[in-house]
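Trainee: Could you take me through one part of this predicted model in detail? I would like a close look at the loop between strand 6 and strand 7, and then at whatever its residues lead to.

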Amino acid sequence: MRLIITKNYEELSKVAANELASIVKEKPNAVLGLATGGSPIGMYKELIKMNKEGKIDFSDITTVNLDEYVGLSGDHDQSYRYFMNANLFNHININKNKTFVPNGLAENIEEECRRYDAKIQDLGGTDVQLLGVGNNGHIAFNEPDANLVAGTHLTSLTENTIESNARFFDSKAEVPTTALTMGLGEIMKSKRIIVIASGEGKAEAVKAMLNGKISTDMPASMLQMHRDVIVIIDEAAAELLNK
Ligand code: F6R
């Protein structure tokens, strides 16, 4: 794993945006695996700026997102489809028909999971997967557990994740308790992985991800087994390394 430690969130966002931009320049029809949450917002702002300045072209790019809450439509302002439109897709020259997010309103959840995996396979897999890390070490919504699932699946969010995501909703009671998420197998198949984490709340998970034992109780530790991972973190998230 290649580790880059930046001064702060702003610098992290610029470094991460440059990494992604270089992949897009190298392969203008790349398939980008994208994430939502607080971590990538600054990076998406940088990518929008680069796109407006003509430095990066998304016209041939395809994207697949990691996850979506069950029960929220794409119009709901807390759905991950809405997040992606609002924070990136509405502001860049991407063809929205080539942006994919699991359907949290699917009548048949199992069918939707198989459809999503087949879609990723049809696209030839992801050239890069962007990941945030939960402060409990989850990646996508693969929560710490005795078992992990390879493909896209329905999952229950842990109390910790519900609490942490409540900051985006009016109240904790409104946070959905289940989600569709890409599985660890699909994530590990990505050709490259970029992980971003900012703030002291992530320090323990970052330490376990980089230096801890590989365990399903710390899903991020699985990334130690991938051959091409760049971890970009700020000083606060790096606080417990070497301690
Ligand atoms: C988002 C996702 C989650 C987040 C993680 C960190 O699509 O899959 O795993 O990356 O919960 O969230 P933030 O960035 O809000 O701290």
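Mentor: Happy to. Let us start with A140, which is buried, with a relative accessible area of 7%. A140 sits in the loop between strand 6 and strand 7. Its backbone deserves a look: A140 is not a glycine, yet its phi is positive, at about 50 degrees. As a general background, most residues other than glycine have a negative phi.

Now move along to F141, in that loop between strand 6 (128-131) and strand 7 (153-156). F141 counts as buried too, because its relative accessibility is 3% and the cut-off for buried is under 20%. Its ring is paired with that of Y80: the two are stacked, with 6.1 Å from centre to centre and 20 degrees between the planes. Y80 lies in helix 3, so this pair ties the loop to a part of the chain that is 61 residues apart in sequence. Y80 is itself buried, with a relative accessible area of 9%.

From Y80 we can step on to another ring. Y69 and Y80 also form an aromatic pair, this one tilted, at 4.8 Å centre to centre and with 45 degrees between the planes. Y69 belongs to strand 4 (residues 67-69) and Y80 to helix 3 (residues 80-87), so here the parts tied together are 11 residues apart in sequence. Both of these tyrosines, Y69 and Y80, are buried. Why are two numbers quoted for each pair? A pair of aromatic rings is described by the distance of the centres and the angle of the planes. Put the rings together and you have one aromatic cluster, formed by Y69, Y80, F141 and F169. Across the whole structure, a search finds 4 aromatic pairs.

Back in the loop, two further residues are worth a visit. T152 is located in the loop between strand 6 and strand 7, and T152 is buried at a relative accessible area of 2%. The side chain of T152 is joined to the side chain of D117 by a polar contact of 2.6 Å. N136 has its place in the loop between strand 6 and strand 7 as well. With a relative accessible area of 14%, N136 is buried. If you want a spatial reference for N136, take N165: the two are 29 residues apart in sequence, and their C-alpha atoms are 13 Å apart in space.

The loop also brings us to the ligand by way of numbering: 14 residues surround the ligand, and the closest are G38, S39, D67, H138 and K202. Look at the side chains that offer polar atoms there. In S39, an N or O atom of the side chain is 2.5 Å from an oxygen atom of the ligand. For K202, a polar side-chain atom lies 2.6 Å from a ligand oxygen atom, and for R167 the corresponding distance to an oxygen atom of the ligand is 2.9 Å. How much of the ligand does the protein bury? Taken alone, the ligand exposes 410 Å², and the protein buries 94% of that. The space that the ligand takes is the largest pocket.

To place all this within the fold, here are a few reference points elsewhere in the chain. T6 is in strand 1 (residues 2-6), and T6 counts as buried at 0% relative accessibility. T6 and A236 are 230 residues apart in sequence, while their C-alpha atoms are 9.3 Å apart in space. S13 is found in helix 1 (residues 9-26), and S13 is buried with a relative accessible area of 3%. The C-alpha atom of S13 is separated by 4.2 Å from that of M43, 30 residues apart along the chain. S198, by contrast, is partly exposed, with a relative accessible area of 24%. S198 lies in the loop between strand 9 (192-197) and helix 7 (203-211), and 27 Å separates its C-alpha atom from that of V70, 128 residues apart along the chain.

Conventions: Residues numbered from 1 in each chain as written. Predicted model: local features only at pLDDT ≥ 70, side-chain atom pairs only at ≥ 80, totals over all residues. Heavy atoms only, no water. Phe/Tyr/Trp six-rings, centres within 6.5 Å; stacked < 30°, edge-to-face > 60°. Helix = DSSP H or I, 4+ residues; strand = E, 2+ residues; numbered from the N terminus. Buried < 20%, exposed > 50% of the residue type's maximum accessible area, 1.4 Å probe, protein only. Near = heavy atom within 4 Å. Polar contact = N/O pair within 3.5 Å; in protein donor to acceptor, adjacent residues only side chain to side chain. Areas by Shrake-Rupley, 256 points an atom, 1.4 Å probe, with all protein chains shown as cover. 1 Å grid on protein atoms, 1.4 Å probe; cavity = no way out; pocket = protein on both sides within 12 Å on 5 of 7 lines; lining within 4 Å. Sits in = over half its atoms within 2 Å of the grid points.
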